[in-house]
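Visitor: I would like to learn how to read helix packing and burial from a model, one feature at a time. Could you take me through an example?

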Amino acid sequence: MADVCDFLYTQGGLRFQSGSARVSVVIDGVTHDLRVIRNGKGRSRIARGEINLHDLALHVSHGEFVDATVLLDGIQVPLRIDPRTAMGREGRVKSGGIFEETSSLSLDEKVALARSQIRSLPYSHANSDEARVRLNWALEQGDLGVFGVEELRRGSQLQSSHEVLTTFVSTRHAPTVKNVTLTKPSISTPRRPHFDWSETPINSWVPGDLDATCMLNAMHVLFPEGERAFCRVLVSALDRIDDDAVVRDVKGFLAQEGLHARAHAEAFAQLAASTPQIEWTQDAAARAFRFLLGAGKTRNRLLLAWRLASVAAVEHLTTAIGEWTMNNERFAEHGCDTQMSALVKWHGAEEIEHRSVAFDAHRAVQPRLSRPVRVAAMAFWLPTMTLLWVLSAQALLWHVDSRQRHRLLSPRAVRRAVHNGLVPDLLAIAKGAAAFCKAGYHPSTHVAPEVVAAAEAWLSGAAMRQHTQASA
Ligand SMILES: [Fe+2]
Ligand SMILES: [Fe+2]
């Protein structure tokens, strides 16, 4: 089995977050460990060499089942899957059998499965029957502990915490359930990774592609001053925000962005040490962000709202880059420097984690006019950030190699780097920017649950621990 299948999709009666669970499948007495992922939007599973339960059905005779063991909240839960009915239409109809199918599980196993069911409830109207059956079953189990709103929202297709709470509470019927408490999540305590640049070839860390290296090194030019400017804007909004949860998140945001700025500034110091001529680029970036977002606090509410909408717009773009980072394994395939790759992943994952903060702060300061202001902000910041990025990359290209002194960064070089998965696709990011301008938009529901799960997994995974321990 392992030679034909590295991934197992589970949907319908069973549904998990991407990369968050491992399943051991026993085929002909041999155990195979599979990583469970959900089918991502628009991706070809065939092209990725993955199979789903429908494919698995070809390997299992009629009337037979696949015995799977799922690790949920640290508890091994044995499940029996009929690959023909465990997903799709039949799976949804069959979800009514969940009481019978789980009758032999122990209390601990049922509680672990119930928590998993609640986290992955299909809330859309099309699946409302399935949601009701699963929720009713889950709520009849033992003490389910505490759920965060984000935890519920992540698995749903609803727009706001309010909708999640309303749906959750109105569907809930079992009076015997104890201790299901909803909490608003906050940005976690900042992680303080350390990156060792001593072995990093700072001007060639993307092997064989100077253009891609310069395009990526442009982040060391822009992020230190840009993220400090974002922090100044958010600090100046703090005393106008009444919601304690938003204030707490803003403080988490400030800590994270401050550390991002410092890490990129250290990388820029490496660049400047090898090429002192580029030092002016960071001064220019500092002047640009001071001009665009202010050098200090403003007492003008409208100006503050504009600056907050600006930060929210740029955060939408950095979240898109974060999504690209999470979906991208090409750095490793291309032999890119591991320290720099880790910096990019860490930053991308935390951009996803704090994606809602500037937006919520903007809405807290200016609830009424927030949509027109943010449309204007995106219309201004998308071309502005693109221009700043291109100019920074171009300046690096001119200076780091004297032979490239008069060479312009060409669209062809950009396309090649995008095609090779080395830089994000600007066109795709520009298209995604339209979502920011729509009514009902909220960053928390904009990123696919599997990408959020991948970011969380990376931030709590071995690579992150390795870099954090190095700084301890
Ligand atoms: Fe950041
Ligand atoms: Fe950010």
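Guide: What follows is a short tour of this predicted model, from the whole chain to helix pairs and then to single residues.

Visitor: To begin with the whole, how many helices and strands does the protein chain have, and what share of its residues count as buried?

Guide: The protein chain has 20 helices and seven strands, and 41% of its 472 residues count as buried. Among contacts between residues at least 6 apart in sequence, 79% join residues at least 24 apart.

Visitor: Which residues touch the most other members in the largest nonpolar core?

Guide: That core has 79 residues, and those touching the most other members are Ala218, Leu234, Leu308, Ala361 and Ala455. Helix H8, which spans residues 210–237, gives the most to this core, with 15 residues. Apart from the largest core lies another, of 15 residues, including Val77, Val111, Leu113 and Ala114. To take one member of the largest core, Leu308 touches Val233, Ala237, Ala358, Ala361, His362 and Val365, if residues up to four places away in sequence are not counted.

Visitor: How should I read the packing of two helices, and at what angle do H8 and H15 pack?

Guide: The general idea is that a packed pair is described by the angle between the two axes and by the distance between them. In this structure, H8 and H15 pack at an angle of about 120 degrees, with their axes 8 Å apart. Angles of 65 to 115 degrees count as roughly perpendicular, and H8 and H15 are therefore oblique to each other; their crossing is right-handed.

Visitor: Which residues of H8 and H15 meet there?

Guide: From H8 come Leu210, Asp211, Cys214, Met215, Asn217, Ala218, Val221 and Leu222, and they meet Leu388, Trp389, Ser392, Ala393, Leu396, Leu397 and Val400 of H15. By class, the residues of this contact divide into twelve nonpolar, two polar and one charged. As a general point for reading such lists, an α-helix has 3.6 residues a turn, so residues three or four places apart point the same way.

Visitor: Let us turn to H11. At what angle do the axes of H11 and H13 cross?

Guide: The axes of H11 and helix H13 (residues 338–353) come within 8 Å and cross at roughly 125 degrees, which makes H11 oblique to H13. H11 passes H13 in a left-handed crossing. On the H11 side the contact is made by Thr318, Thr319, Ile321, Gly322, Glu323, Thr325 and Met326, and on the H13 side by Val344, Lys345, Gly348, Ala349, Glu351 and Ile352. That contact has five nonpolar, five polar and three charged residues.

Visitor: How do the axes of H11 and H19 cross?

Guide: H11 (residues 301–327) and H19 (residues 449–459) have axes that come within 10 Å and cross at roughly 75 degrees, and the two helices are therefore roughly perpendicular to each other. Gly322, Glu323, Met326 and Asn327 of H11 make the contact with Val451, Ala454 and Ala455 of H19. These residues divide into four nonpolar, two polar and one charged.

Visitor: Why is H19 described as largely enclosed by the rest of the structure?

Guide: Eight of the eleven residues of H19 are buried, so this helix is largely enclosed by the rest of the structure. The buried residues are Glu450, Val451, Val452, Ala453, Ala454, Ala455, Trp458 and Leu459.

Visitor: What of single residues: how many other C-beta atoms lie within 10 Å of Ser236, of Arg371 and of Asp243?

Guide: A residue needs 20 or more such atoms to be buried. Ser236, which lies in helix H8, has 19 and is therefore partly exposed. Not counting residues up to four places away in sequence, Ser236 touches Lys297, Thr298 and Leu304; the C-alpha atoms of Ser236 and Leu304 are separated by 7.9 Å, although these residues are 68 residues apart along the chain. Arg371, in helix H15, is partly exposed, with 15 other C-beta atoms within 10 Å, and its C-alpha atom is separated by 9.3 Å from that of Tyr441, 70 residues apart along the chain. Asp243, found in the loop between H8 and helix H9, is partly exposed with 14. The C-alpha atoms of Asp243 and Ala364 are separated by 7.7 Å, with the two residues 121 residues apart along the chain.

Methods. Residues are numbered from 1 along each chain as its sequence is written. Chains are lettered from A and ligands numbered from 1 in the order in which they are written. This is a predicted model: local features need pLDDT of at least 70, side-chain atom pairs count only at pLDDT 80 or more; totals for chains, interfaces and linings use all residues. Axes are lines fitted to C-alpha atoms, for helices over the stretch in contact, and angles run from 0 to 180 degrees between N-to-C directions. Helices (H or I, at least four residues) and strands (E, at least two) are DSSP runs, numbered from the N terminus. Angles under 35 degrees count as roughly parallel, over 145 as roughly antiparallel, 65 to 115 as roughly perpendicular and the rest as oblique. Two residues are in contact if their C-beta atoms, placed from the backbone, lie within 7 Å. Ala, Val, Leu, Ile, Met, Phe, Trp, Tyr, Cys and Pro count as nonpolar, Asp, Glu, Lys and Arg as charged, and the others, Gly among them, as polar. A residue is buried if 20 or more other C-beta atoms lie within 10 Å of its own, exposed if 12 or fewer, and partly exposed in between; C-beta atoms are placed from the backbone. A crossing is left-handed if the near helix is turned anticlockwise from the far one by less than a right angle, and right-handed if clockwise. A nonpolar core is a set of buried Ala, Val, Leu, Ile, Met, Phe, Trp, Tyr and Cys residues joined through C-beta atoms within 7 Å.
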